[in-house]
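Me: Please take a close look at the strands of chain A and how they pair, and then set that chain against what can be said of its partner. I would like one connected account rather than a list.

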Amino acid sequence: MADPMRIRAQASGDKATVRVLMAHEMETGQRKDAAGKVIPAWYIQQVHAKLNGKDVLSAQWGPAVAKNPFLQFMIKGAKAGDKVSVSWVDNRGDTRTDEAVVT
Amino acid sequence: MMRILWAGAAAAIAASSALVWAQQKSSAEGIAEYRAMLADGNPAELFEAKGEALWKTKRGPKNASLETCDLGKGPGVVRGAFVELPRYFADTGRVQDLESRLLSCSETLQGISAAETAATPFGRGEQSNIEALVAYISAASRGMKFSLPQGNPEERKMYELGKRAFFYRAGSHGFACASCHGDAGKRIRLQDLPELTKNPGDGVGFAAWPAYRVSSGELWGMQRRLNDCYRQQRFPYPGYGSEVTIALGVYMGVNAKGAESVAPSIKR
């Protein structure tokens, strides 16, 4: 089971800024361990964000994204009290979804 | 015609050196800007969350949590404990920093061997748990000012020992901590180095650790920070939670009196 994300969503004017911190190794598959063996690739491939259950963002990620990624985006028309949910799927099929309320 | 060309070339050289100078001037500012951008999404938060859960989880052979651990302000008090460490503990009869205190707490309360954890490489097994706990405990004192107690003779002795260790030159290159941290305005490559013989300011030097290292994606406590300082000095590695590391902590911490802690911070 993957570690939880930290999601903060703040409304200002007619939009909300969402900041997401994800806990993930994001291993590229290019590195070798002390014994010289390749460390298998392990990274987030898909990211989806929803506002009150409606898709607002979808992204395809690759191994170039850093460990413990930070994602920031804005949602037009989001107001305080709305629910933002973010989920990711990695190349091992592991997934994690977390939710936050816009403040 | 020739003369005009020369004048043009000279102007071009002058312009390019001015450009180089402008770039050099802004490199330290550039790093500060980069840190500010990263600080907004500091992954140390992930370690804080993990540490908080670990503090409350029943673990080890004794199946107990750390919630009754005394970090110096009474059993279970986390807030404000970090800015008064290292300090003397009557139950163990020695001065301890946060990490060595956590080792004794997890040994007495949870039955997890302190010697085994101390011998574990950084970032693995029980060591990675200590790192998360350190993030959580230091974060509970964020914004508070360092005020290490010096009332006990053991604490004053450790300060003097730390001072000696700080100025002690050895190793293949004759380095001491003071070679890099004894004066203001020094740097390694582009990193400004804090002057640790006095309070270097809020959130600088001792008040900036533990920290998340972006380059390695790891959380470093003071023990690991000092371990790496000694590596760079070409000294033998100090033992985890050893007397010299704690003494240096006392020396830096007492010197940093009044500095505001920003830990866990973010470093390149």
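Reply: What follows starts with chain A as a whole, moves through its strand pairings, and ends with the other chain.

The model is a predicted one, and the confidence values are therefore a sensible place to begin, because where pLDDT is low the predicted coordinates should not be read in detail. For chain A the mean pLDDT is 92, with 99% of the residues at 70 or more. Among the elements of this chain, S1(A) has the lowest mean value, 91, while strand S3, residues 44-51, has the highest, 96.

In its secondary structure, chain A has 0 helices and 7 strands, so that the pattern read along the sequence is β-β-β-β-β-β-β. Taken along the principal axes, the C-alpha atoms of chain A fill a box of roughly 55 × 20 × 20 Å.

The pairings can be taken in two groups. In general, strands of a sheet pair through backbone hydrogen bonds, either parallel or antiparallel.

In one group, strand S1 (residues 6-12) of chain A runs antiparallel to strand S2 (residues 15-21) of chain A, and 7 bridges join them. A:Ala9 has A:Val18 of S2(A) as its bridge partner, which gives a convenient pair of residues for locating this ladder in the viewer. The hairpin of S1(A) and S2(A) has 2 residues between the strands, and within this hairpin A:Gly13 takes a positive phi near 70°. S2(A) also pairs with strand S5 (residues 70-76) of chain A, again in the antiparallel sense and over 7 bridges. Here A:Val20 can be followed across to its bridge partner in S5(A), A:Leu71.

The other group is an open sheet of 4 strands in chain A, in the order S4-S3-S6-S7, with antiparallel pairing. Strand S4 (54-60) and strand S7 (95-101) of chain A each have a single partner strand and stand at the edges, so one side of each is left without a neighbour in the sheet. On average, and with direction ignored, neighbouring strands of this sheet are turned by 15° against each other.

Within this sheet, S3(A) pairs with strand S6 (residues 83-90) of chain A in the antiparallel sense over 7 bridges, and A:Val47 stands opposite A:Trp88 in S6(A). S6(A) is in turn joined to S7(A) by 7 bridges, and these two strands run antiparallel; on this side, A:Val84 stands opposite A:Ala100 in S7(A). The hairpin that belongs to S6(A) and S7(A) has 4 residues between the strands, and A:Gly93 takes a positive phi near 85° in it. When side chains are inspected here, it helps to recall that in a regular strand they alternate between the two faces of the sheet.

Turning to the partner, the contact between the chains takes 9 residues from chain A and 8 residues from chain B. The side of chain B that touches chain A consists, by class, of 3 nonpolar, 2 polar and 3 charged residues.

Chain B itself is divided into domain 1 (1-40) and domain 2 (44-267), and the C-alpha centres of these two domains of chain B lie 40 Å apart. Between them, 6 residues of domain 1 of chain B are in contact with 4 residues of domain 2 of chain B. The domain 1 side of this contact in chain B divides into 4 nonpolar, 1 polar and 1 charged residues.

Chain B also has an open sheet, of 3 strands in the order S6-S5-S7, and its pairing is mixed. Its edges are strand S6 (218-220) and strand S7 (265-267) of chain B, each with a single partner strand, so one side of each is left without a neighbour in the sheet. Neighbouring strands of this sheet are turned by 35° against each other on average, direction ignored. Strand S5 (residues 211-213) of chain B runs antiparallel to S6(B), with 3 bridges between them, and B:Arg213 stands opposite B:Glu218 in S6(B).

Chain B has helices as well, and one packed pair is worth a look: helix H3 (residues 98-110) of chain B and helix H5 (residues 125-139) of chain B pack at an angle of about 115°, with their axes 10 Å apart. The crossing in which H3(B) passes H5(B) is right-handed. B:Leu98, B:Glu99 and B:Leu102 of H3(B) make this contact with B:Ile130, B:Leu133, B:Val134 and B:Ile137 of H5(B), and by class the contact has 6 nonpolar, no polar and 1 charged residues.

Notes. Residues numbered from 1 in each chain as written. Chains lettered and ligands numbered in written order. Predicted model: local features only at pLDDT ≥ 70, side-chain atom pairs only at ≥ 80, totals over all residues. Domains from an automatic or database assignment. Contact = placed C-beta atoms within 7 Å. Nonpolar A, V, L, I, M, F, W, Y, C, P; charged D, E, K, R; others polar. Axes fitted to C-alpha atoms, helices over the stretch in contact; angles between N-to-C directions. Left-handed = near helix turned anticlockwise from the far one by under 90°. Pairing = 2+ DSSP bridges. pLDDT = per-residue confidence, 0-100.
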